[in-house]
Amino acid sequence: MTRHAAAGQANSLFGEKARLRRLGGSPLALAVRALCLLDAHHAAGCTVQAALQEVAASTADGEPSARSRGKKASPSAAGDSAARDRALATELTYGALRYERRLGWILGKCIPAPQKLPLPLRRILQTGVYALLFLERVPAHAVLHTAVSLASGMYGTRLGGLVNATLRNVQRFGAAPLSLPFYAGKEPVDFFGNGQSPCEAGADEPEELAQAARFYGLPSALAVCLAEEAGGAPERVEALFRRSAERPWHGWRINAAAAQAKGLRAAALSEVRASSGKADAASPDKDAGGHVCRVGEWGIAYAPGSQPERLDGRPLREWEAEGALSAQAAGSQAILEELGLRGWIDEGLPIWDACAGQGGKGLALAERGGRLALCTDTSRARLERIARECRRLGLACPALALADARFPVIRPGGWAGGIIADVPCSGLGVLARRPDIRRRPFAEMRRLVEVQRDIAAALAACLAVGGELAYMTCTLRREENEEQVERLLRLPGLRLECRCVWKTPWDHPWLEGMFGARLRRVE
């Protein structure tokens, strides 16, 4: 889609804003509104999580949920109902985005000219088809009734009837859309785009690869990248595709500095043993089995749908509010272990989190006694959040500086400690957790390679002799990973030694795709 066309589409969505608000607070309505918000603001960097938070807040401000509307309920019951609605809306939104290409293929077999329909109507169809195919606990008649009601309320009975007929046609496919052969054939016009094919120009996608990409909801350019990472081996390609589409595991990090840390850790490990049948399911163990696994020394990860409400007798959210627990993806925890950054703590080295973001990796080391001395980021809001997190966790707040890591606040040779460089990347390792990445233009990924190169070189130059740089990404592209490390080792006037390199195994069934390298300046 051209920039001009995207701007036009965004303007038309702004014009639909009043209609979208009238959709109400049912889970399907919240999901449709979140998808439309992403359509309008994606170019500005809006994420699926931010979109869901905004529509949930607007619902809480005065739009009752479908379950509670017209009924008297106790505050606790109403709160539980609202929480369930938000959870279902989250599942609908994330799932509809993960399988956007797949759902568009299915709908393209029912509607030959989708661009004539308003985009919000197509989003209603998208979420409706996802619910029909993947949400077994939601009755099909409820999905049809809600989708038709939403469409009729926005556009009248004629288009409401179109939604009804389309979803019933999808039902007539039976189980066929759940199998790979259904996705063979010529690519239809992009159901959610502007009349263009979802295959980006220049993406060489053979038919066999294209069929698998449609099934797993991968845009062509991303499918080609993952296939290249897999070396073209069919079993590796299938494993990476499957991991990119499945619901991610939910990771928690126990605050080692909290008074309750040992008790929580013992309770978590007992869950791991009970789930896996092993005395100790070490991390990251792809063969651990069960629905809960240990991640490093202080982490635990739950399979989708298996997270308990309580740990050691208290709700997880209470532990989180008190600072004893933090939500953190398993891959982000595992990479700290795999790169041996515990050594920085043992040596008492000052730690600088140079692309701090939400601060998760630096704070994880600080909880274990690490000297987190400095956090820098280009976002004031993210730095303010790090300060709030330090208060919640009971940690001393490091120095915070608003700065671009390409232009460090530390002079060359001035940092005699460890630097975390969790650089901006294409995110191919976290496609399941961040399905909105599928919508990024491939040109942006190419631009990020230059940004990574500049950040890595600038931070390496800040190291004093003996200082170390931990270069990290959550992607699988060699251009953003191994090649960047090789470039660092060739920097003129700066001698670096690579101490270790780690990448998530291609066949790990649930751990996010991460890459990291730890380099030391030797002279």
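**Close-up views of a predicted model**

**Figure 1. Asn255 sits in the loop between E1 and H13.** This view, like those that follow, is taken from a predicted model. The relative accessible area of Asn255 is 0%, so this loop residue counts as buried. A polar atom of the Asn255 side chain lies 2.9 Å from the backbone nitrogen of Ala257. Once neighbours within four places in sequence are set aside, Asn255 is in contact with Ala261, Gly323, Ala324, Glu367 and Leu393.

**Figure 2. The largest cavity holds about 90 Å³ of space.** Its lining is made up of 14 residues, and those closest to the cavity centre are Arg253, Gln333, Glu337, Ala364 and Arg368. Three elements each supply at least two residues of this lining: strand E1 (250-254), helix H15 (330-338) and helix H17 (360-367). Sorted by class, the lining of the largest cavity has 6 nonpolar, 3 polar and 5 charged residues. Rolling a probe the size of a water molecule over the atoms shows where empty space is left. In this structure there are 2 cavities of 30 Å³ or more.

**Figure 3. The second largest cavity holds about 40 Å³ of space.** Its lining consists of Ile254, Arg265, Ala268, Leu269, Arg294, Gly296, Glu297, Trp298 and Gly299. Helix H13, which covers residues 261-276, gives the most to this lining, with 3 residues. By class, the residues around the second largest cavity are 4 nonpolar, 2 polar and 3 charged.

**Figure 4. Helix H10, residues 207-215, is mostly covered.** How many of its 9 residues are buried? The count is 7, and the residues concerned are Leu209, Ala210, Gln211, Ala212, Ala213, Arg214 and Phe215. These buried residues pack against three other helices, namely H6 (100-108), H11 (220-229) and H12 (234-245). An α-helix has 3.6 residues a turn, so residues three or four places apart point the same way. After H10 comes Gly217, whose phi is positive, near 70°.

**Figure 5. Cys390 and Cys397 do not form a disulfide.** A search of the whole structure finds 0 disulfides. Cys390 is in no disulfide, and the nearest cysteine sulfur, that of Cys397, is 4.3 Å away. Why is there no bond between Cys397 and Cys390? The two sulfurs are too far apart for a bond, because a disulfide needs them within 2.5 Å. Is each cysteine buried or partly exposed? Cys390 counts as buried, at 2% relative accessibility, whereas Cys397 is partly exposed, with a relative accessible area of 42%.

**Figure 6. The whole protein, as a setting for the close-ups, has 20 helices and 13 strands.** The protein has 523 residues, and buried residues make up 54% of them. Asn255 in Figure 1 and Cys390 in Figure 5 are both buried. Contacts can also be sorted by how far apart the two residues lie in sequence. Among contacts between residues at least 6 apart in sequence, 72% join residues that are at least 24 apart.

How values were computed
Residues are numbered from 1 along each chain as its sequence is written. This is a predicted model: local features need pLDDT of at least 70, side-chain atom pairs count only at pLDDT 80 or more; totals for chains, interfaces and linings use all residues. Side-chain values use heavy atoms; hydrogens and water are left out. On a 1 Å grid over the protein atoms alone, a cavity is a set of points where a 1.4 Å probe fits but cannot get out, and a pocket is an open set with protein on both sides within 12 Å along at least five of seven lines; lining residues have an atom within 4 Å of a point. Grid points are joined across faces, edges and corners, and a volume is the space filled by probe spheres set on the points. Helices (H or I, at least four residues) and strands (E, at least two) are DSSP runs, numbered from the N terminus. Ala, Val, Leu, Ile, Met, Phe, Trp, Tyr, Cys and Pro count as nonpolar, Asp, Glu, Lys and Arg as charged, and the others, Gly among them, as polar. Buried means under 20% relative accessible area, exposed over 50%, partly exposed in between (1.4 Å probe, protein chains only). Contact means heavy atoms within 4.5 Å. A polar contact is a pair of N or O atoms within 3.5 Å; within protein, one must be able to donate a hydrogen and the other to accept it, and residues adjacent in sequence count only if both atoms are side-chain atoms.
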